[in-house]
Amino acid sequence: MNEFLPAVNTAVYFFCSALYFLEGFFFYRVLCCIVRRREGRLWAAAVFLSCAALSSMIIFPNDLFNVTLDLIWFTAMMLLAFRGSLWQRLAAVVIFYPLIISQNFLVMDLLGNLLLLLGDPPFLNPLFSIADTAIHLALWYLILRLMEKRLSSISRLFDDRTWILLDVICLASLVNITTCIYFSPEESYKIWPATLACFVTNLGSLFLAEYFMISIQRDMERKNLKLRKSYYEELEQNQSRIRKLRHDMNNHFSVIRSLVHSGNQTEAEQYLEKLEERITADSRIFCQNSIINAVLNAKYNLAVEHEIDCFFHIGLKRLLSIDAISLCCLFANTLDNAIEASLKISDPQDRHISVKARVTENGYFSYEIVNAKNNAVLKKNGTFCSDKTDRASHGFGLANVREVVERYSGTLDISYTEDTFSVTVLIRNA
């Protein structure tokens with residue numbers, strides 16, 4: 001039988017290598033659920049090969065070299081080959097690095113000790129090699145199936161503060177597993193409970209992240225209900241205005257008829273123009289999304305009521321990956337701030353707001369709002385503050401906007417002069 005062992009070992013080696021690549025593919029898929037890889041085939045190939053190598057890295061007791069190499073390699077890959085928030089990319093390291101190290105050490109050490117217990121017969125080595133690879137493959141497949149949708153939602157909804165919190169929670173597992181392996185005793189089985197606890201803890205952190213996600217979704221749903229309430233109130237106001245117009249329509253026609261019959265053609269045309277303005281003002285369409293359109297109409301009408309000159313150019317015909325609630329938050333908060341600043345200008349002729357929003361050809365959502373102002377801009381520790389007396393209850397508008405931008409890994413630029421204030425947002429429409 002021994003004469004067949006070299007051929008068997010060679011066959012097992014190639015079979016296990018194929019399984020390693022499949023394992024790396026599952027790990028690659030899991031990783032891409034939480035962070036966005038840089039575009040390009042070279043990046044894709046580099047990340048896939050790195051995932052295959054990292055997920056199958058052999059870890060022995062007191063293995064200072066491989067444990068450290070795994071951490072440095074993984075961190076470098078996340079920083080160079082992936083995009084997005086720094087804290088999001090570091091979260092991938094502190095979540096998945098302990099999972100890799102703990103399971104690779106635990107499975108390898110368990111099978112190795114079992115093999116020694118059985119007397120280390122040569123014919124069992126190929127079987128144990130296949131078992132080792134199959135266990136890792138099964139674990140990453142199960143993690144992918146279990147967490148794929150959860151991780152995608154988490155990646156979309158989390159902001160930097162939530163990622164930092166998750167980083168801190170998982171950092172304990174990272175320190176624990178590296179310390180245990182660095183200083184593992186001769187009886188390596190003594191640290192099996194610690195490695196198992198590390199694996200379970202980091203898997204549990206993903207479910208904790210899901211709990212955070214559900215809390216964020218509920219908060220968004222509450223905001224959604226408020227926006228919908230505002231939308232239906234706006235609809236009811238529009239319907240009420242239309243009913244009043246219909247009720248007065250006979251009177252309007254009588255006035256126009258009288259002006260025409262008396263030969264006052266110019267006055268009749270002016271009257272018609274004013275009547276048309278009143279009718280069309282309540283049916284203004286800025287974009288196709290009904291909720292966002294209602295918010296824009298409400299803010300526009302409020303601005304016009306206060307004699308603020310408004311210019312709205314909204315081009316959102318293409319489908320946006322940004323959810324409507326986040327867009328409403330962006331529009332509503334910046335417009336509220338712009339209207340508030342404009343009202344502090346005594347001369348209505350100097351009040352103006354310009355809003356531009358569009359989806360560019362290369363796949364970016366761009367938003368710019370510029371308003372006139374004459375009040376001083378207050379900042380504290382780099383954060384813009386309200387100049388109202390009750391500052392504790394105000395000044396959250398730009399903070400909410402920043403939260404939306406961070407959630408979608410966009411850029412926010414705020415600039416101002418003595419008489420203008422502008423906010424510019426750029427988010428990739430992925």
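This is a short talk on the helices, strands, empty spaces and a few single residues of one predicted model.

Let me start with the helical part and its core. The largest nonpolar core holds 56 residues, and L31, F74, M77 and F96 are the ones that touch the most other members. Seven named helices come up here: α1, α2 (41–55), α3 (64–81), α4, α5, α6 (160–182) and α7 (192–261) each put at least two residues into this core. The largest share is that of α4, with 11 residues.

Next, the empty space. How many cavities of 30 Å³ or more does the structure hold? The search gives 1. The largest cavity has about 60 Å³ of space in it. Around it sit Y20, S56, M57, I58, I59, N104, M108, D132 and H136. Two elements, α4 and α5, give two or more residues to that lining. By residue type, the lining of the largest cavity splits into 5 nonpolar, 3 polar and 1 charged.

Now the second largest pocket. Its volume is about 440 Å³. The lining of this pocket has 22 residues, and those nearest the centre are M108, N125, F128, S129 and D132. Please note M108 and D132. Both are among the pocket residues nearest the centre, and both also line the largest cavity.

Which helices supply at least two residues each to the lining of the second largest pocket? They are α1 (5–34), α4 (86–117) and α5 (125–157). Of these, α4 gives the largest share, 8 residues. So that you have the composition as well: 13 of the lining residues of the second largest pocket are nonpolar, 7 are polar and 2 are charged.To stay with α4 for one more sentence, this helix has the largest share of the pocket lining, 8 residues, and the largest share of the core, 11 residues.

On to the strands. I will take β3, β4, β5 and β9 in the order in which they pair. Strand β3, residues 309–315, is joined to β4 by 7 bridges, and the two run parallel. One residue pair to look at in the viewer is I314 with its bridge partner A357 in β4.

Strand β4 covers residues 352–359 and strand β5 covers residues 364–372; they pair in the antiparallel sense, over 7 bridges. Two of the partners can be named. K356 has E368 as its bridge partner in β5, and S354 has V370. The connection between β4 and β5 is a hairpin, with 4 residues between the strands. In that turn, G363 has a positive phi of about 90°.

What is the sense of the pairing between β5 and β9, and how many bridges join them? The two strands run antiparallel, with 9 bridges, and β9 spans residues 420–428. V370 comes up again here, with S422 as its bridge partner in β9. That gives V370 a partner in β9, S422, as well as its pairing with S354 of β4. As a general remark for anyone tracing these strands, side chains in a regular strand alternate between the two faces of the sheet.

Two more residues have a positive phi, and neither is a glycine. N62 has a phi of about 55°. Where does N62 sit? Its place is the loop between α2 and α3. N62 counts as partly exposed because its relative accessible area is 42%, which falls between the cut-offs of 20% and 50%.

E307 has a positive phi near 60°. This residue belongs to the loop between α9 (290–305) and β3. E307 counts as exposed because its relative accessibility is 53%, and the cut-off is over 50%.

Last, the cysteines. How many disulfides does a search of the whole structure find? The count is 0. C33 is in no disulfide, and the nearest cysteine sulfur, that of C32, lies 7.4 Å away. A disulfide requires the two sulfur atoms to be within 2.5 Å, so a pair at such a distance is not counted. Is C33 buried or exposed? C33 counts as buried because its relative accessibility is 10%, and the cut-off for buried is under 20%. C328 is also buried, at a relative accessible area of 1%.

To finish, here are the items I would have you keep on the screen. They are the core residues L31, F74, M77 and F96, the pocket residues M108 and D132, and V370 in the strands, with its partner S422.

How values were computed
Residues are numbered from 1 along each chain as its sequence is written. This is a predicted model: local features need pLDDT of at least 70, side-chain atom pairs count only at pLDDT 80 or more; totals for chains, interfaces and linings use all residues. Side-chain values use heavy atoms; hydrogens and water are left out. On a 1 Å grid over the protein atoms alone, a cavity is a set of points where a 1.4 Å probe fits but cannot get out, and a pocket is an open set with protein on both sides within 12 Å along at least five of seven lines; lining residues have an atom within 4 Å of a point. Grid points are joined across faces, edges and corners, and a volume is the space filled by probe spheres set on the points. Ala, Val, Leu, Ile, Met, Phe, Trp, Tyr, Cys and Pro count as nonpolar, Asp, Glu, Lys and Arg as charged, and the others, Gly among them, as polar. Buried means under 20% relative accessible area, exposed over 50%, partly exposed in between (1.4 Å probe, protein chains only). Two strands pair if DSSP finds at least two bridges between them. A nonpolar core is a set of buried Ala, Val, Leu, Ile, Met, Phe, Trp, Tyr and Cys residues joined through side-chain atoms within 4.5 Å.
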